Amino acid sequence: MSAIENVGCFIMAQTADIVPADKILYASRDVTATVDCPPLITASILSKKASESLSALLLDLKCGSAAFIQDLATAQSFARLMVKVGTELGIKTAVAITRMDCPLGRKIGNALEVEESLDTLKGRGPSDIEELVVIEGGILLHIAGIVSCRSDGEERIRGSLYDGTALRTFRDMMTAQGVAPEIAASLCCTDDSIYGALPKARRTTDLRYSGPGDYVHAIDALVLALVSGELGAARTVIGGPVNHAVGLEVLTPPGSKISAGEHNRISLLDWQDLILL
């Protein structure tokens, strides 16, 4: 609570001491084939939020080929259910349905996505991530009553990314949650010393395009997630190892003009490590 009071934000997950029943209930859903049951998902999400005595809540609901919910009609039905239940609990609730067909941002993988998130906090992130942060931040400020309209909220959020406020708050939050001050400072620096705190692949491989000149029409986020997982960026068994350095970088996002010889990038520790995964 001291971090909330002094910094204003906090990152946490379910633990043995915090909402322990949720883990038991999820396990029960797993063995009864009800993991994808909308009422139970809604109950799991909103019960935790209600226990925090929230006044306003914005939920980002992913929809698309790489998401749990793949069609818009189902996502809209799910969103209406969460807004209804949240409102009945006394929480001003909004749901943003966002696409998950193409990758968000340019990087896929643990350390790579942390780096990209930090770049966004430094005002130099990919335009699609910045747009998502600004729009959703503006909605939350509006429904919380901090600003009179969403556009004012968006202006405040965008300003915080460019004037250093967001980055300073993130650094303060890290130290409040026990991160060593020197590591927090390294992560929030504006040069390559960020890799003093993040693992970095020892080699990269470029995947070059050999076809005729064209535009990138789409990139399948699910395929890239599966490839990244095969490289070791995700667990394949409970308790298995995670390689935080490996991942993919999309250098030619959808809408880009691409010519023969242009490339995307894959980050590996080294080929032997990849074979052993």
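**Group meeting: cores, a helix and three positive phi values**

Hi everyone, let's begin at Met174: setting aside the residues within four places of it in sequence, its contacts are Val179, Ala184, Leu187 and Cys188. Please keep in mind that this is a predicted model.

Met174 takes us straight into the largest nonpolar core, which has 17 residues. Met174 is among those with the most contacts inside that core, along with Leu118, Leu121, Leu161, Leu187, Ile194 and Leu198. Which helices each supply at least two residues of this core? They are H5 (110-121), H6 (127-143), H7 (150-162), H8 (165-176) and H9 (181-187). Apart from this core lies another one, made of twelve residues, and Leu57, Leu59, Leu61 and Cys63 are among them.

Now let's move to helix H4, residues 72-88. With 17 residues at 1.5 Å a residue, H4 should span 24 Å, and its end C-alpha atoms are indeed 24 Å apart, so the two values agree. Which residues of H4 are buried? Those are Ala75, Phe78, Ala79, Met82 and Gly86. They sit on the same side of H4, because the arc they cover around the axis is only 105°.

And what do these buried residues pack against? Their partners are helix H3 (38-51) and two strands, E1 (56-63) and E2 (92-99). If you turn to the face of H4 pointing away from the buried side, you'll find the exposed residues Ala73, Arg80 and Glu88. Just after H4 comes Gly90, with a positive phi of about 85°.

That glycine brings me to backbone angles, and to two loop residues I'd like you to look at. As background, most residues other than glycine have a negative phi.

Ala33 is a residue other than glycine, yet its phi is positive, near 55°. You can find Ala33 in the loop between helix H2 (20-31) and H3. Is Ala33 buried or exposed? Its relative accessibility is 66%, and therefore Ala33 counts as exposed.

Then there is Ser53, which is not a glycine either and has a positive phi of about 60°. Ser53 belongs to the loop between H3 and E1. Ser53 counts as exposed because its relative accessibility is 66%.

To recap: we began with Met174 in the 17-residue core, went along H4 with its buried residues on the same side, and finished with positive phi values at Ala33 and Ser53. Thanks for listening!

Terms used:
Residues are numbered from 1 along each chain as its sequence is written. This is a predicted model: local features need pLDDT of at least 70, side-chain atom pairs count only at pLDDT 80 or more; totals for chains, interfaces and linings use all residues. Side-chain values use heavy atoms; hydrogens and water are left out. Helices (H or I, at least four residues) and strands (E, at least two) are DSSP runs, numbered from the N terminus. The expected span of a helix is 1.5 Å times one less than its number of residues. Buried means under 20% relative accessible area, exposed over 50%, partly exposed in between (1.4 Å probe, protein chains only). The arc is that of the directions from the helix axis to the C-beta atoms. Contact means heavy atoms within 4.5 Å. A nonpolar core is a set of buried Ala, Val, Leu, Ile, Met, Phe, Trp, Tyr and Cys residues joined through side-chain atoms within 4.5 Å.
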